[in-house]
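Me: I've got a structure open and a few labels I'd like to see justified. Can you walk me through the reasoning behind them?

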Amino acid sequence: MSHYDDDTLSRFGIAPELVEDPASVTEHLRACDACRTRMAALTEVDEALRQGEVWTQVEALLTPPARLAEALALKARLDEEDRAAERLLSPLLGSPLRFRDANLAENPKARHAGVVRYLCAAAHGLHEQRPQFSLLIARTAYAIAFALDEDDPRASRRLCMAVALREGANAFRFLGRFAEALKALNEAERLFEEMAGSYPHDIAIVWFIRATVFMKIGQLEDAVDVSRRAVQVFRDYGDHQRELGALLVEACCLHLAGNDVEAAQVYEAVAAQARAEGNRNILACAVNDAASAYLNLARFDQAEESYIEALVLFDELGLATEKARVAWSLAVILVRRGEVARGFERLDAARGELQSLGLLNDHALATLDWAAAGLALGESAGIAEACKSIVVRFESEGMMKNARLALAYVHEALARRTATPALLQQVRRYLERLPTRPNLVFAPLQ
């Protein structure tokens, strides 16, 4: 059986004479359930369209509400601010000198929220590679934010100030200026909390940075507590990148506290999630750190397997410094396994690579590992000279003084031929711990 189309049925429902053969349509509808059902629906729609209130509702839908129009206009203004900020700032961000000479804080053209947003994003991208420059950028962003008009709804002065402080704290963290970082984070959190309708996610980022600072200064329990709070918020907001980052902070704290079993479990959980999501950066960090925990636990096969995976990932990511550190760790595994001669050779190559990359503190630690392995083998040629050439660099003068005292003890013991592998490893562990315990005094083995 053939059926009538919707157009014919609709016209028939309005007035039968509108179709060519009304009698045939009437006869078909008596026999066809499908067409009767469609006919009833079409008739209902036609009747609704005759009601004035329906067209009133349609008109309301086609006319944007005033608040929506205002929001769209605001977005257009913000987009224009962002474009203006890029035109003004992109030529300046390649050179700290050019940026400083521009004196943006005094430039009326730079006094809008778009400039603050652009500067904060630029600072965020420079923290690791150029923290001094990122601090200058963040401070400039804060000065501009502070000068914004509080009454301008586009300015969001308090939000701009909070974000700029947060990025300044990040820069302080990378510079090792931890007290200043914590002060800036406290002020940023206060500003976020005072804003009506502030987002927990913004505050969770403050917690995340604070947790890393606590970890750096050895407040490990505080760091774990804060990072766990941040993890929950990031999870609620679906921010997987930061969730995994905060979990890594928690695992690092467990690792530093000597709880390597639990730390390895967290690292592996992060690695599994990063692997499933294809997040190679987090995966590389997680498997590398898991390997370090396994090394502490003397689970050498697991450590080696994880380090090799990390080495491949760091190579794919183009991270030469991390590759050099993994090569150093793989050499340490050889020594710890009892393959001291092979480890001694690999450590010599690793410390040379670390030095060529400008990683002075890592080169110092690797040289002490190499020297300890050499003394264990009965090798003394060149060890004293190599240890004398060790250079370390710490942010505070107090740490530098402590480090020099520990190295002087090594030099004296090597000169007297009383140095032992145990002494060199003690000094190596001391130097490694010094950044998180800056007031730790070196006490040589008796």
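Me: What makes the side chain of Arg 336 and the backbone oxygen of Leu 295 a polar contact?

Reply: Keep in mind that this is a predicted model. The Arg 336 side chain gets to the backbone oxygen of Leu 295 at 3.2 Å. The cut-off for an N or O pair is within 3.5 Å, so the pair qualifies.

Me: Which residues does Arg 336 touch, leaving out those up to four places away in sequence?

Reply: Leu 295 turns up again, along with Asn 296 and Phe 300. Arg 336 itself sits in helix α17, which spans residues 320-337.

Me: Why is Arg 336 called partly exposed?

Reply: Its relative accessible area is 41%. Buried would need under 20% and exposed over 50%, so Arg 336 lands in between.

Me: How do you know that the protein is more spread out than a compact globule?

Reply: Start with the fold: 22 helices and zero strands. The radius of gyration is 33 Å, while the globule rule gives 22 Å for 446 residues; the value is well over the rule, so the label holds. The C-alpha atoms fill a box of roughly 120 × 60 × 40 Å along the principal axes.

Me: And how much of the protein counts as buried?

Reply: That's 43% of the 446 residues. The protein exposes about 23800 Å², with carbon and sulfur atoms supplying 53% of that area.

Me: What about charge: how many positive and negative side chains are there?

Reply: There are 51 positive and 64 negative ones, and the centres of the two sets are 10 Å apart.

Terms used. Residues are numbered from 1 along each chain as its sequence is written. This is a predicted model: local features need pLDDT of at least 70, side-chain atom pairs count only at pLDDT 80 or more; totals for chains, interfaces and linings use all residues. Side-chain values use heavy atoms; hydrogens and water are left out. Helices (H or I, at least four residues) and strands (E, at least two) are DSSP runs, numbered from the N terminus. The radius of gyration is taken over C-alpha atoms; the globule rule is 2.2 Å times the number of residues to the power 0.38. Buried means under 20% relative accessible area, exposed over 50%, partly exposed in between (1.4 Å probe, protein chains only). Accessible areas come from the Shrake-Rupley method with a 1.4 Å probe; for residues, only the protein chains shown count as cover. Lys and Arg count as positive and Asp and Glu as negative; His and the chain ends are not counted. The place of a charge is taken as NZ of Lys, CZ of Arg, CG of Asp or CD of Glu. Contact means heavy atoms within 4.5 Å. A polar contact is a pair of N or O atoms within 3.5 Å; within protein, one must be able to donate a hydrogen and the other to accept it, and residues adjacent in sequence count only if both atoms are side-chain atoms.
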